[in-house]
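The following exercises are to be worked through with the sequence and the model at hand. Each task is followed by a solution in steps.

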Amino acid sequence: MSAEADSPRPVKLAPSILSCDFAHLADELQAIAGADWAHVDVMDGAFVPNLSFGLPILAAARRASNLPMDVHLMIERPERYLKDFAAAGADSLTVHVESTPHVHRAVQQIRELGKRAGVTLNPGTPLEAVRPVLGDVDLVLVMSVNPGFGGQKFIPASLERIRTLRRWLDEAGSAAELQVDGGVSSTNARAVVSAGASVLVAGSAVFGKDGARAGLERLREALK
């Protein structure tokens, strides 16, 4: 099911399971069954400061849910593990331009694995860094916080970055999704979509005290 805001593009919601209760992973995934994707943040403690889950958690999530698994690799040299993450259940794999000198090759590898190929960059990295591969990807992710930690506040300057990437994609006639991750909530979701986003990732805004089902519905209502 998709929500729509002030844009002709359907808007996909992708709750980040980084914020869920891992003691009840299957239940949490059931609570977001009405979402479009499940977003899976993989951190290696090297490319970003924190460690998060890896292949076993992705495989468990895949067994527990029919949602497409949208895997964001915040790891150094991700090309070493693309085949493993694809085999564990990833439907899309997004890599950082800063994490490998071979980002084009990594994108090619992802597509050869039959998965949706995504590219992203940190808030301090110029957008020009992703421009050479925009014609080769299925998804472009705008990080609206610095990667590595959940619960951060949305960086306001991200809106202009979203607008710029939306213009580049439209000018190229690209059908790639434009995803935004970091500090997305019911208070700014409409602005993010109006800037050009087509996929919203939200963690703490969905997996809150009143439960993920209510959090997801709150986000969807904000887009009406």
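**Exercise 1. The surroundings of Thr100**

The side chains of Thr100 and Glu79 are joined by a polar contact of 3.1 Å. The model in which this is seen is a predicted one.

Task: Determine where Thr100 lies, and whether Thr100 is buried or exposed.

Solution.
- Step 1. Thr100 is found in the loop between strand S4 (92–96) and helix H4 (103–112).
- Step 2. The relative accessible area of Thr100 is 5%. Buried means under 20%, so Thr100 is buried.
- Step 3. Beyond four places in sequence, the residues that Thr100 touches are Pro78 and Glu79.
- Step 4. Within its own loop region, the side chain of Thr100 also reaches the backbone nitrogen of His102, at 3.0 Å.

**Exercise 2. An annotated group of four residues**

Task: UniProt lists His39, Asp41, His72 and Asp181 for "binding site" in an unreviewed entry. Explain why these residues gather at one spot.

Solution.
- Step 1. In sequence, the four residues span 143 residues.
- Step 2. No two of their C-alpha atoms, however, are more than 10.4 Å apart, and therefore they gather at one spot.
- Step 3. The contacts of Asp41 include two members of the group, His72 and Asp181.
- Step 4. Asp181 is in contact with His39, Asp41 and His72, among others.
- Step 5. Side chains take part as well: a polar contact of 3.3 Å joins those of Asp181 and His39.

**Exercise 3. Two aspartates of the group**

Task: State in which strand Asp41 is placed and in which strand Asp181 lies. Decide for each whether the residue is buried or exposed.

Solution.
- Step 1. Asp41 belongs to strand S2 (residues 38–43), whereas Asp181 belongs to strand S7 (residues 177–181).
- Step 2. The relative accessible area is 4% for Asp41 and 10% for Asp181. Both residues are buried.
- Step 3. The side chain of Asp41 makes a polar contact of 2.9 Å with that of Ser16.
- Step 4. Other residues in contact with Asp41 include Leu18, Ser52, Phe53 and Met74. Those in contact with Asp181 include Leu141, Val142, Met143, Ser144, Val145 and Val201.

**Exercise 4. Strand S1 and its partner**

Task: Describe which way the residues of strand S1 point, and find how many bridges join S1 to strand S8.

Solution.
- Step 1. From S1 (residues 12–15), Lys12 and Ala14 point one way, while Leu13 and Pro15 point the other way.
- Step 2. All of these residues are buried.
- Step 3. S1 and S8 (residues 199–202) run parallel and are joined by four bridges. Leu13, for instance, has Leu200 as its bridge partner in S8.

**Exercise 5. Two loop residues in a further annotation**

Task: A "binding site" annotation in the unreviewed UniProt entry covers several residues, among them Ser16, His72, Asp181, Gly183 and Ser204. Find where Gly183 and Ser204 are placed, and what each is in contact with.

Solution.
- Step 1. Gly183 is in the loop between S7 and helix H6 (189–195); Ser204 is in the loop between S8 and helix H7 (212–222).
- Step 2. With 27% relative accessibility, Gly183 is partly exposed. Ser204, at 47%, is also partly exposed.
- Step 3. Outside its neighbours within four places in sequence, Gly183 is in contact with Val145, Gln152, Lys153, Phe154 and Asn188.
- Step 4. On the same basis, Ser204 is in contact with Ser19 and Gly151. Gly151 is itself covered by the annotation.

Technical notes. Residues are numbered from 1 along each chain as its sequence is written. This is a predicted model: local features need pLDDT of at least 70, side-chain atom pairs count only at pLDDT 80 or more; totals for chains, interfaces and linings use all residues. Side-chain values use heavy atoms; hydrogens and water are left out. UniProt positions are given in the numbering used here, feature names are shortened, and annotations may be inferred rather than shown by experiment. Buried means under 20% relative accessible area, exposed over 50%, partly exposed in between (1.4 Å probe, protein chains only). Contact means heavy atoms within 4.5 Å. A polar contact is a pair of N or O atoms within 3.5 Å; within protein, one must be able to donate a hydrogen and the other to accept it, and residues adjacent in sequence count only if both atoms are side-chain atoms. Two strands pair if DSSP finds at least two bridges between them.
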